[in-house]
Amino acid sequence: MSDNWNGAVILIPSLEPDDRLPAYIGRLMDSGLGRVVVVDDGSSPSAQSIFDRIAAMPGCQVLHHDVNHGKGVALKTGYAWIRENLPDCSGVITADADGQHTVADCLHIAEELEKGENALYLGSRDFSLPNVPAKSRKGNRITSAVFKALYGVWLPDTQTGLRGFRREELAFMEAVEGERYEYEMNVLIAC
C-alpha cells in the first residue's frame, strides 16, 4: 500500500468473531480494497488470536474496546479513527463481521463512492430467496413498511449492515445518536 492511498476504507465492527473474519478480510484485500479497520467491541480473550491475525495483515488496523459497548459505538470508534488517521480516504464502507456481504457488493459501493456524490449507499439483501428465514423476511417487510409510512421512502432492507458514504459525512455519522443496533435505524432516519 502506498502512502498516497485514497480509496474507500472497509469498517467492520466485530464481537466474538470466528475464522470467517480473517478469510473475508483477505478476500476484500485481494479484490483491491486496500484498507480495513476492525473494531473489537469487547470480545473475550479467546477471540484475541483472530484479531491478532487480522492486525498482522498489511493494510489492516484493529481497534479494541475493553467491554462491549454496542454496534453503534463500535462504528463511531471506527469513524473517529478513520477521520483522524486516514485523511485521504474517499469514503467508508461498513460491513458485518460474518462475511455475509459479498466482495462484489463492497466493490460496487466503492465504485459509487468514487463518483463523489454525497449519499448513503445501502446494500440490500434478497428476502425472496428460499433460504431466508420467514422471521427475517417478515421482520424486514414490517420495518420497511413502517419506514415508508413515517418517512415516505421505501427501503427494501432497513437492517443491512452494508453501507457506504463519503468521507465528508464522517462528522455527521458520528453525531447520529445511538449506541447499539438502533444506531443504524437512526442513521436512516437522519439521512
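**Figure 1. Arginine 83 and glutamate 174 join in a salt bridge.** In this predicted model, the side chains of these two residues come together with an N to O distance of 2.7 Å. Arginine 83 belongs to helix α3, while glutamate 174 sits in helix α6 (residues 170-175), so this pair ties together parts that are 91 residues apart in sequence. How accessible is arginine 83? Its relative accessibility is 34%, so arginine 83 counts as partly exposed. For context as you browse the views, the whole structure holds eight salt bridges.

**Figure 2. Glutamate 184 pairs with lysine 71.** The closest N and O atoms of this salt bridge are 3.0 Å apart. Which helices does the pair tie together? Glutamate 184 comes from helix α7 (residues 182-190) and lysine 71 from helix α3 (residues 71-85), so the contact links parts that are 113 residues apart in sequence. Both partners, glutamate 184 and lysine 71, are buried.

**Figure 3. Glutamate 112 meets lysine 115, and a network appears elsewhere.** Here is another salt bridge to look at: the side chains of glutamate 112 and lysine 115 meet at 3.0 Å, N to O. Lysine 115 has a relative accessibility of 55% and therefore counts as exposed, since the cut-off for that class is over 50%. Are Lys71, Asp96 and Glu184 joined or separate? Salt bridges with shared partners join Lys71, Asp96 and Glu184 into one network.

**Figure 4. Five residues make a nonpolar surface patch.** Ile142, Val146, Leu150, Tyr151 and Ile189 together form this patch, which covers about 460 Å². Which helix gives the most to the nonpolar patch? That is helix α5 (residues 134-151), with four residues. Isoleucine 189 belongs to helix α7. With a relative accessible area of 37%, isoleucine 189 is partly exposed.

**Figure 5. Helices α1 and α2 pack against each other.** Two packed helices are described by the angle between their axes and the distance between the axes. For helix α1 (residues 20-30) and helix α2 (residues 48-55), the angle is about 15° and the axes are 9 Å apart. Because angles under 35 degrees count as roughly parallel, α1 is roughly parallel to α2. Is the crossing of α1 and α2 right-handed or left-handed? Helix α1 passes α2 in a right-handed crossing.

**Figure 6. Glutamate 16 has a positive phi.** The phi of glutamate 16 is near 55°, a positive value in a residue other than glycine. Where is glutamate 16 found? Look for it in the loop between β1 (8-14) and α1. At a relative accessible area of 40%, glutamate 16 is partly exposed.

**Figure 7. Serine 14 and alanine 97 are each shown with a partner from elsewhere in the sequence.** Serine 14 is placed in strand β1. With 2% relative accessibility, serine 14 counts as buried. How many residues separate serine 14 from alanine 95 in sequence? The two are 81 residues apart in sequence and 9.8 Å apart in space, C-alpha to C-alpha. Alanine 97 is in the loop between β4 (91-94) and α4 (103-114). Its relative accessibility is 18%, so alanine 97 counts as buried, the cut-off for that class being under 20%. Between the C-alpha atoms of alanine 97 and isoleucine 25 there are 9.1 Å, with their positions 72 residues apart along the chain.

**Figure 8. Threonine 158 and leucine 162 lie in the loop between α5 and β6.** Are threonine 158 and leucine 162 buried or exposed? Threonine 158 counts as buried at 2% relative accessibility, and leucine 162 is buried as well, with a relative accessible area of 2%. Strand β6, at one end of this loop, spans 163-166. From C-alpha to C-alpha, threonine 158 and phenylalanine 172 are 19 Å apart in space, and 14 residues apart in sequence. For leucine 162 and valine 73, the C-alpha atoms are 17 Å apart in space, with a sequence separation of 89 residues.

Conventions:
Residues are numbered from 1 along each chain as its sequence is written. This is a predicted model: local features need pLDDT of at least 70, side-chain atom pairs count only at pLDDT 80 or more; totals for chains, interfaces and linings use all residues. Side-chain values use heavy atoms; hydrogens and water are left out. A salt bridge is a side-chain nitrogen of Lys or Arg within 4 Å of a carboxyl oxygen of Asp or Glu. Helices (H or I, at least four residues) and strands (E, at least two) are DSSP runs, numbered from the N terminus. Buried means under 20% relative accessible area, exposed over 50%, partly exposed in between (1.4 Å probe, protein chains only). Patches are made of residues with over 30% relative accessible area and no salt bridge: like charges are joined within 9 Å, nonpolar side chains (Val, Leu, Ile, Met, Phe, Trp, Tyr) within 5 Å. Accessible areas come from the Shrake-Rupley method with a 1.4 Å probe; for residues, only the protein chains shown count as cover. Axes are lines fitted to C-alpha atoms, for helices over the stretch in contact, and angles run from 0 to 180 degrees between N-to-C directions. Angles under 35 degrees count as roughly parallel, over 145 as roughly antiparallel, 65 to 115 as roughly perpendicular and the rest as oblique. A crossing is left-handed if the near helix is turned anticlockwise from the far one by less than a right angle, and right-handed if clockwise.
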